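Biologist: I should like to examine how one helix is packed within this chain. Please set each value against the definition that it rests on.

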Amino acid sequence: MKIFGNTTSSLSIGRLKIRPAIRKQGCQQAERGCEQIENQEEGSSQRIVCPLDPKHTVSENKLKKHLKKCNSREKPKPVYFVKDINTGSADGDELLHQMSLCEYSRTELEMLVDKLKAAISGLQSNVDDRVLSHPILQEELSNPKNGESAHKHLKQQSSILGHLEELGLLGWGRCFVEFGAGRGKLSHWIHEALKTQDHPRNSRDLQLLLVERCSTRFKVDGKHQDAGVQFERLQVDIQHLDLGKVPLLLQKKPPLVGVGKHLCGAATDLALRCLLETSGFREDSEPPQKRLKTSDQATDTDCGLGPGPDPSSGPVLGLAVALCCHHRCEWRHYVGQQFFLQQGLGAAEFSAFCRMSSWATCGLRPTNQDRSNQRGDEEEHEPAEEADTVNGFLSTGEREQLGRLCKLLIDSGRLHFIRTKGFSCRLSRYVDPQVTLENILLTAVPSTKPTTESSTTSTSACRETNLS
């Protein structure tokens, strides 16, 4: 065959005969040709869908061998895997019919709005505007090579580091646990920031645990090989993670700092329960000393965050988690169930408020065309269901305001849970809405005040607490 006047012959590679692709034709066509020739030469062996993962195929006569090495095969569970250890109570959720908002009548929607306003009215929940930054990211923020989306991620990471530093959580001699780590960029910048700090040698020990349930490409944690610093990935769902059984933590027993950049929906509740309830190192003969005398109803009425915690004060020094995607929350995992019940609300109202929370952002999200242009920059938020868009009920601005109130009520339940564990906590707008519409950061450090309030006092205090 002749191509542009040059005579070429077929190339033999093993059993396959491949003709050179014509100039400007992609290699995919040649690859398809190779696969067809291979299937023909294999005779009766055809490609079938892998029974473990329908996303790929395998030759039928090689199926048995493939199942032993397929990446989707069931692998041995690590020692820190404890099924459903961080799953909450499903009381009231088993028989709950999940209704989209368009299934509610106008009267039912109005009743839900009345319940929402009644629950919010006693909270006096002000959210701080605290847009901070850290100098370690200044160079990258000024780099013109970073696109708009990358620049937004850098701003968020810079502000989270600024909050960690302000709370005294950014230091050596501890372990940072990044939930929903993805590529590990937040842990990367934490390490970079700490390399600029001057600390005594005996405290220059650092562990960073990156928790991610999926296999991730282009990870950045492999670039860090400094002495005294350990990066370790845990490929496990937060729902099944028992931090008290992680070998690295059992060996070092460092104090913990929980971090996360956009833990979608129920992942936030799973992470809070994982960090505050299952992080004790139970191999010790003695349990970790409690900071406060707490009960199911106890709460810290002082939500202002004080000075930095003492690394010897307990297994958890604090946390900083960026919240998002409240419409993905689930009642069975929600840590604020008791708070909702105290407000006279239950699983049905929670489910509705979660769906209504999408009103805060659904009308302001990028268009499909804009979203497609951002594919390479890790779009982190899951969109709400179209069925939760209710036309003709209130104005767009009113629905947006109600969506923000739903988010605040859900987050208030999380604050209540954290206080029962002996922590002071608050919510802050850590970046401008132009950077991300999901711009609320939850921070907490151990409380310095013991609390002895009864359940009646705690309920009243929770309503009167200023979250700023």
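Modeller: A crossing is called right-handed if the near helix is turned clockwise from the far one by less than a right angle, and left-handed if anticlockwise. In this predicted model, H5 passes H6 in a right-handed crossing.

Biologist: Which residues make that contact?

Modeller: Leu154, Gln157, Ile160, Leu161 and Leu164 contribute from H5, and Lys185, Leu186, Trp189, Ile190 and Ala193 from H6. By class, the contact of H5 with H6 has 8 nonpolar, 1 polar and 1 charged residues.

Biologist: Why are H5 and H6 called oblique to each other?

Modeller: The helices pack at an angle of about 50 degrees, and their axes lie 10 Å apart. Angles under 35 degrees count as roughly parallel, and 65 to 115 as roughly perpendicular. The angle falls in neither range, and H5 and H6 are therefore oblique to each other.

Biologist: What makes H6 mostly covered?

Modeller: A residue is buried when its relative accessible area is under 20%. In H6, which spans residues 185-194, 9 of the 10 residues are buried. Among them are Trp189, His188, His191 and Glu192. The cover includes helix H4 (138-141) and helix H5 (148-166), as well as strands E8 (174-179), E9 (206-211), E10 (229-234) and E11 (256-264).

Biologist: What share of the protein chain is buried?

Modeller: Buried residues make up 47% of the 468 residues. The chain holds 13 helices and 14 strands, and among its contacts between residues at least 6 apart in sequence, 76% join residues at least 24 apart.

Key
Residues numbered from 1 in each chain as written. Predicted model: local features only at pLDDT ≥ 70, side-chain atom pairs only at ≥ 80, totals over all residues. Heavy atoms only, no water. Buried < 20%, exposed > 50% of the residue type's maximum accessible area, 1.4 Å probe, protein only. Helix = DSSP H or I, 4+ residues; strand = E, 2+ residues; numbered from the N terminus. Contact = heavy atoms within 4.5 Å. Axes fitted to C-alpha atoms, helices over the stretch in contact; angles between N-to-C directions. Parallel < 35°, antiparallel > 145°, perpendicular 65-115°, else oblique. Nonpolar A, V, L, I, M, F, W, Y, C, P; charged D, E, K, R; others polar.
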